[in-house]
Amino acid sequence: PGSSQPFQREHLQAQNTRMSSVSFLSTSLGERNEVDRYEDISTKLSELRKSGQLCDCVIAIGDVNFPAHKAILVERIPFFTEVFFGEKPTTNLLHVLKKIKPRILETLLLFAYERSIAFTDENIYDLVLAARTLGMEDVKMACIRYLCQRLNRDTVIKTIAFARNNQLTELLEACRLFFWGSFENILDTEAFRLLTAEDMQRILGSERLNVTDESVAFRSLLAWISYDAGEARRDWFPRLFPLIRLPLFSRNFLESTVAQNEICQADETCMRLVDSVKRSAGVDESALQERRFWRDDASVLFVIGQPVRRKYTNDQRPKYVMEVYDRRLKKWEVFDQLLSGAQIFVVVNENIYGFGSCKPGEETDTVNVFNILERRVGRATPMHRARCSMAAVVLKQRIFVCGGKDTSCEIFDPLTDTWTLGPNMTSEVMDHCLVAISDRHVVTLGGYSYFSPRKWVEVMTLNTSQAAEAADWFPARTSVDGWQLMPHMLMPRSGHSACFFRGRIIVVGGNSEVSCAEMFVSGVDSEEDWVPRGQWTLLPLFTATSVTAYAGRLFSIDTNEVKCCLFSESKMKGMDEEECKLPEREDLPKLKSLALANKSIDWKFLPPFVNSYKHIKGGTLVLPDYYFDYLSFCEVFSHSASA
């Protein structure tokens, strides 16, 4: 987003190698079996090639020979169609292969047989050029998508130079999209200094330029000119200056800064333009609108899970894959693969923090950090204690981490990269969850303790200068910044998920015995007579692995689907316990239950994920719109190429 500052956290170090595994096989639920059979056949054909069996041709690059099957090459690699059936001399065509490195050709041959390819920062530039040479447009566009997804202020200079030198129009345009979206954050970089006059002309003339005000565009033009010791860039000033939207300047800035600038004064045409704006009574908004800043909420739904797709081999299978939902294209996009072994993930501004270990019983104090905008991986200051199976939540830009085989609590401040010990909970617990409420309260729910899941709920109210607001769902407190017991949940849970939504705590999932969700509503937050207040209510027809609130809606997230809860308060109604199918438990009290059936709630199913997952959690984060513009842009070129 435009309001974000350049990412300069000292505790983050750039990761040297990034890897992405891309499959070109459809994996919708209805086609999964067909895909599995296709993968089996492809794997057997690839094994035949590697062993040299039934091969009827050899591709030689230097001293390296690649046995292959003509039928596969012709069907998968357009270049070889021309070699075997074209009118051009074969010798001239095969001369082109000498420009391809052997290891790159081996990667593309593997793709031709298995329809899966692994991208790394080391092979991506060679792959995109080789794919273009061999006419493999699908691989070429996948490479460009990989580069687009990893654009940041550090990589854009290399990427845009590569695009220019190799006439990659799609990639060059994507780099310009990046400049539009993060313009102010790259003004002090070498990438900005090396922009061409044509680049500046496109950037300054775009309505999508992301600047806090129009004066930034004027100052950037002067800075770009000053980086050139000669007169070449200065000669461009009369052509670039009219692209600046002078009527959007304040009168003081126009008179004291723009009109007094020596470069502007040296050009008569520019000065006439300034004078005409000074004489005007005001800005005609119908004739001149402000640039369309990319400063909307830009909040997106995301999931992080452990993939089970067969396309990942044992040595390259990522521990977690992160997907984001593109609202415009209405589909999920793989954002990145997180090689971190963290168990818990929370989001603070542009950073995703990972805590704990995904291996059962393995304790660690490591805190992994992934910056979303800069796509940078690193580590923060370790926790005071090594933990596993703990819980974490964000409250007022601080991260609260609690439990994990003990009662301890500690608080992380991302701005200072420091940890502070907090008050201990009243009970030892693990595999529980935390919920933040109204920027004042942290609630811990359930968890595993003393060899079984628990129902207990505790709340901590932060010690602030303001008095704690009244709420009858919190117990009377004799102190602040301390944990107090709340009414217990109706069902014992561990490994569950919860969120705060419209004044309600909603809990879903957990151990295998739990089949439905439940909800806690305070009396002060509910105006409906049928809703039990100050106690827990079962939601018998609401089942999910994870739950999150996004864009004013409640989303239930399972390993194979996401659905949006489209209910309104007027459509929610109660039903007596006898009318609902409830779990068979003797200790459930008689109370009213909330029926979430089709007659009282509407569900909207989102498209399926790119991957299949064994475990999954969801949430929301902030992404600039230009990230999705990269993907949309590449999709357009990809479809046109295939057509």
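Tutor: A helix here is a DSSP run of H or I with at least four residues, and helices are numbered from the N terminus. The model is predicted. With that in hand, R176 can be placed: R176 sits in helix 9, residues 169-181.

Student: Is R176 buried or exposed?

Tutor: Buried means under 20% relative accessible area, and exposed means over 50%. R176 counts as buried because its relative accessibility is 5%.

Student: Which residues does R176 touch, apart from those up to four places away in sequence?

Tutor: R176 touches E198, D199 and R202.

Student: Next, salt bridges. How many are found in the whole structure?

Tutor: A salt bridge needs a side-chain nitrogen of Lys or Arg within 4 Å of a carboxyl oxygen of Asp or Glu. A search of the whole structure finds 22. One of them pairs the side chains of R103 and D126, at 3.3 Å from N to O. R103 belongs to helix 5 (residues 102-114) and D126 to helix 6 (residues 124-133), and the pair, 23 residues apart, links distant parts of the chain.

Student: How accessible are R103 and D126?

Tutor: R103 has a relative accessible area of 43% and is therefore partly exposed. D126, at 22%, also counts as partly exposed.

Student: What does the salt bridge between D188 and R153 link?

Tutor: The side chains of D188 and R153 meet at 3.4 Å, N to O. This pair links distant parts of the chain, 35 residues apart: D188 is in the loop between helix 9 and helix 10 (190-193), while R153 is in the loop between helix 7 (137-149) and helix 8 (156-165). Read the two ends separately: D188 counts as partly exposed at 42% relative accessibility, whereas R153 counts as buried at 15%.

Student: And the salt bridge of E410 with R387: how far apart are the closest N and O atoms?

Tutor: The closest N and O atoms of E410 and R387 are 2.9 Å apart. E410 lies in strand 14 and R387 in the loop between strand 11 and strand 12; the two are 23 residues apart and join distant parts of the chain. E410 counts as buried because its relative accessibility is 0%. R387 counts as buried as well, at 1%.

Student: Which residues are joined into one network by salt bridges that share partners?

Tutor: The network consists of R164, E173, R176, E198, D199 and R202. R176 is the buried residue of helix 9 discussed at the start.

Student: Now the sheets. How should I read a strand order?

Tutor: Strands of a sheet pair through backbone hydrogen bonds, either parallel or antiparallel. The order lists the strands as they pair. One open sheet here has four strands in the order 8-9-10-11, with antiparallel pairing. Its edge strands are strand 8 (344-348) and strand 11 (376-379), each pairing on one side only. From one strand to the next, the twist averages 20°.

Student: How many bridges join strand 8 to strand 9?

Tutor: Five bridges join strand 8 to strand 9 (residues 351-355), and the two run antiparallel. V348 stands opposite N351 in strand 9.

Student: Which strands stand at the edges of the open sheet with the order 12-13-14-15?

Tutor: That sheet has four strands with antiparallel pairing. Strand 12 (391-395) and strand 15 (418-422) stand at its edges; each has a single partner strand, so one side of each has no neighbour in the sheet. Neighbouring strands are turned by 25° against each other on average, direction ignored. Strand 14 (residues 409-413) and strand 15 run antiparallel and are joined by five bridges. Within this pairing, I411 has T420 in strand 15 as its bridge partner. Strand 14 is also where E410 lies.

Student: Two aromatic residues remain. Where is F451?

Tutor: F451 is in the loop between strand 17 (441-449) and strand 18 (452-461). F451 counts as exposed because its relative accessibility is 78%. Together with Y448 and Y450, F451 makes a nonpolar surface patch of about 420 Å².

Student: And F609: buried or exposed?

Tutor: F609 counts as buried, since its relative accessibility is 8%. F609 lies in the loop between strand 29 (603-605) and strand 30 (613-622). Leaving aside neighbours within four places in sequence, F609 is in contact with residues including V303, E323, W332, I557 and I616. The C-alpha atoms of F609 and Y325 are separated by 9.0 Å, although the two residues are 284 apart along the chain.

Methods:
Residues numbered from 1 in each chain as written. Predicted model: local features only at pLDDT ≥ 70, side-chain atom pairs only at ≥ 80, totals over all residues. Heavy atoms only, no water. Patch = residues over 30% accessible without salt bridge, like charges linked within 9 Å, V, L, I, M, F, W, Y side chains within 5 Å. Areas by Shrake-Rupley, 256 points an atom, 1.4 Å probe, with all protein chains shown as cover. Buried < 20%, exposed > 50% of the residue type's maximum accessible area, 1.4 Å probe, protein only. Contact = heavy atoms within 4.5 Å. Pairing = 2+ DSSP bridges. Axes fitted to C-alpha atoms, helices over the stretch in contact; angles between N-to-C directions.
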